[in-house]
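Work through the following exercises with the sequence and the model at hand. Each task is followed by a solution in steps.

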Amino acid sequence: MGQAAYLSQHHNLDASYQIGFYIAVPESVRWPVLVLAILASVVGSQVIISGTFSIISQSQSLSCFPRVKVVHTSDKVHGQIYIPEVNWILMVLCIAVTVGFRNTKHMGNASGLAVITVMLVTTCLMSLVIMLCWDRSPWLALAFFLFFGSIEALYFSASLIKFLEGAWLPILLALILLAVMFVWHHTTIKKYEYDTHNKVTLEWLLALGDKLGMVRVPGIGLVYTDLTSSVPANFSRFVTNLPAFHRVLVFVCVKSVTVPHVLPAERYLVGRVGPPGHRSYRYIVRYGYRDVHQDMDSFETELVESLATFIKLDALFRCSDAGGGDQRDSSYYERENALTVIGSNPLRRHMSLGYDESHSHDGASSGSDRVDGIELAAAPVVVKKQVRFAVAPPRSPGVDESVLEELHELCEAREAGTAFILGHSHVKTKPGSSLLKRLAVAVGVGYNFLRRNCRGPDVALRVPPASLLEVGMVYVL
């Protein structure tokens with residue numbers, strides 16, 4: 001306001017290169033004001049950077065932005081994050097704008113339009129908050145919008161006059177980001193709908209086993225999917241064309257939740273896919289935003305331990321259900337192939353389960369330590385990483401031959417090795433009318449470009465390349 005008052009009385013500056021802000025400052029305090037302006041610019045830039053990181057992170061969580069690396073820099077503050085790729089993009093854009101404009105007037109016009117647009121959008125959203133979140137009268141929201149919106153509309157119209165003098169830049173950047181977010185979100189939703197509508201049951205796949213000559217190969221197959229039920233379309237298409245999959249099949253779904261940490265007892269949800277004879281399981285892993293994803297060795301170890309625990313819990317539940325056991329404990333255990341939380345299930349107190357926490361034993365001596373236990377070992381080397389879970393003798397109550405057989409098969413599959421099966425999607429568009437067809441082709445090409453140039457799921461999940469099996473899937477949307 002002081003600058004505007006000065007310029008209203010002094011229309012003609014001495015030189016065209018002089019800036020109105022500094023010409024309005026007295027000569028005696030010009031240098032302190034310059035230092036203050038630089039510090040204010042630093043603070044403002046940090047606010048813009050932090051806001052950009054927050055928006056990108058939330059958009060990525062909502063599947064509205066391609067996968068980027070998000071580094072959480074604080075254990076206590078939820079929104080304190082750092083995104084290296086976005087930080088580099090901002091730096092390049094700042095240099096490009098400075099070199100391209102070479103004029104503070106044009107940069108000021110671009111900044112002015114961006115700021116007033118943010119204020120106008122905030123006023124519109126605040127009116128909705130007053131009505132929907134605060135449950136206030138619509139007349140109050142309308143009065144708020146008219147009072148502040150009319151003032152901001154005047155500034156917005158004044159900024160639009162400078163559209164050709166630099167104000168076009170924020171609109172161009174906004175359109176580019178909008179196109180990227182629309183392409184990614186639209187295609188992601190369409191892919192999920194395609195998987196949901198084309199999912200099949202494992203029973204249907206195994207029913208075709210006699211016709212297709214389906215075989216089960218040794219080992220554990222970890223199929224990564226976004227679905228929490230049934231079998232994804234890419235796996236069913238893979239099996240029907242190449243009718244072979246692992247003896248122990250685990251459909252793994254990794255979910256990120258909006259809490260800092262997930263307790264280990266609440267992290268894993270395990271359930272069956274089909275009857276016990278299929279040896280197929282559903283495995284959902286929940287991570288907090290501050291949890292560090294384990295390396296694959298520890299992940300495999302905890303996965304096998306969780307599966308062994310689930311098999312015992314399932315046997316206990318079946319025995320208690322058949323014998324009319326404690327109904328309160330049975331009610332906690334989900335029925336009909338549903339999921340149970342490993343680690344916090346109340347049936348665990350009825351189960352004598354022993355773990356050996358050590359991870360480095362001599363292979364020759366460890367074999368004679370347990371007679372009634374099952375030892376899961378890695379590749380035969382001098383020092384082996386082992387997982388142990390105790391199995392009660394066959395005559396013990398609650399454990400029958402089928403449970404022992406299932407645990408032994410799990411042990412043999414672990415020793416045979418683990419394969420990580422990921423979907424490698426490629427999007428194609430359906431033929432349609434001229435305009436819609438061109439738009440669909442552009443969306444498909446844009447999504448394939450973003451998918452190839454952003455972080456892949458194998459990098460995000462830290463899958464070892466030697467054990468990775470990518471299944472190609474063409475989505476015709």
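**Exercise 1. A shared acidic residue**

Is E409 buried or exposed? Then trace its salt bridges in this predicted model.

Solution.
Step 1. The relative accessible area of E409 is 15%. Buried means under 20%, so E409 is buried.
Step 2. One salt-bridge partner of E409 is R247, with the closest N and O atoms 3.5 Å apart. E409 belongs to helix 14 (residues 401-416) and R247 to strand 4 (residues 244-256), so this pair ties together parts that are 162 residues apart in sequence.
Step 3. R247 has a relative accessible area of 27% and is therefore partly exposed.
Step 4. E409 also forms a salt bridge with R279, where the closest N and O atoms are 2.8 Å apart. R279 sits in the loop between strand 5 (268-272) and strand 6 (280-287), while E409 is in helix 14, so the pair ties together parts that are 130 residues apart in sequence.
Step 5. R279 counts as buried because its relative accessibility is 8%.
Step 6. Taken together, R247, R279 and E409 are linked in a network of salt bridges.

**Exercise 2. A salt bridge within one helix**

Which residue meets K190 in a salt bridge, and how many residues apart in helix 7 are the two?

Solution.
Step 1. The side chain of K190 meets that of E193, at 4.0 Å from N to O.
Step 2. Both residues are in helix 7 (residues 168-197); they are three residues apart, so about one helical turn separates them.
Step 3. K190 has a relative accessible area of 34%, which means partly exposed. E193, at 33%, is partly exposed as well.
Step 4. For context, the whole structure contains seven salt bridges.

**Exercise 3. Cysteines and disulfides**

How many disulfides does a search of the whole structure find? Classify C253 and C454 by accessibility.

Solution.
Step 1. The search finds zero disulfides.
Step 2. C253 has 0% relative accessibility and so counts as buried.
Step 3. C454 has 24% relative accessibility, so C454 counts as partly exposed.

**Exercise 4. Annotated spans and their secondary structure**

Which residues does the UniProt annotation "transmembrane region" cover? Examine the spans 31-56 and 167-184.

Solution.
Step 1. According to the unreviewed UniProt entry, the annotation covers residues 31-56, 77-101, 113-132, 139-161 and 167-184.
Step 2. Residues 31-56 are 100% helix and 0% strand, with 38 Å between the end C-alpha atoms.
Step 3. Residues 167-184 are 94% helix and 0% strand, and their end C-alpha atoms lie 27 Å apart.

**Exercise 5. Packing of two helices**

At what angle do helix 5 and helix 7 pack, and which residues meet?

Solution.
Step 1. Two packed helices are described by the angle between their axes and the distance between the axes.
Step 2. For helix 5 (residues 104-133) and helix 7, the angle is about 55 degrees and the axes are 7 Å apart.
Step 3. Helix 5 and helix 7 are therefore oblique to each other.
Step 4. In the contact, A110, L113 and A114 of helix 5 meet L169, P170 and I171 of helix 7.

**Exercise 6. The buried side of a short segment**

Which residues of helix 10 are buried, and what do they pack against?

Solution.
Step 1. In helix 10 (residues 233-241), the buried residues are A233, N234, F235, S236, F238 and V239.
Step 2. Their helical packing partners are helix 7 and helix 8 (202-207).
Step 3. They also pack against strand 3 (215-224), strand 4, strand 12 (418-428) and strand 13 (468-476).

**Exercise 7. Positive phi in loops**

Where are R102 and D135 found, and what are their phi values?

Solution.
Step 1. R102 is in the loop between helix 4 (84-101) and helix 5. Although R102 is not a glycine, its phi is positive, about 55 degrees.
Step 2. D135 is in the loop between helix 5 and helix 6 (138-161). Its phi is also positive, near 55 degrees, and D135 is a residue other than glycine.
Step 3. R102 counts as exposed because its relative accessibility is 71%. D135, at 62%, counts as exposed too.

**Exercise 8. The chain as a whole**

How many helices and strands does the protein chain have, and what share of its residues is buried?

Solution.
Step 1. The chain has 16 helices and 13 strands.
Step 2. Of its 477 residues, 34% are buried.
Step 3. Among contacts with a separation of 6 or more, 72% join residues 24 or more positions apart.

Note on methods
Residues numbered from 1 in each chain as written. Predicted model: local features only at pLDDT ≥ 70, side-chain atom pairs only at ≥ 80, totals over all residues. Heavy atoms only, no water. UniProt positions renumbered as here; feature names shortened; annotations may be inferred. Helix = DSSP H or I, 4+ residues; strand = E, 2+ residues; numbered from the N terminus. Disulfide = S-S within 2.5 Å. Buried < 20%, exposed > 50% of the residue type's maximum accessible area, 1.4 Å probe, protein only. Axes fitted to C-alpha atoms, helices over the stretch in contact; angles between N-to-C directions. Parallel < 35°, antiparallel > 145°, perpendicular 65-115°, else oblique. Contact = heavy atoms within 4.5 Å.
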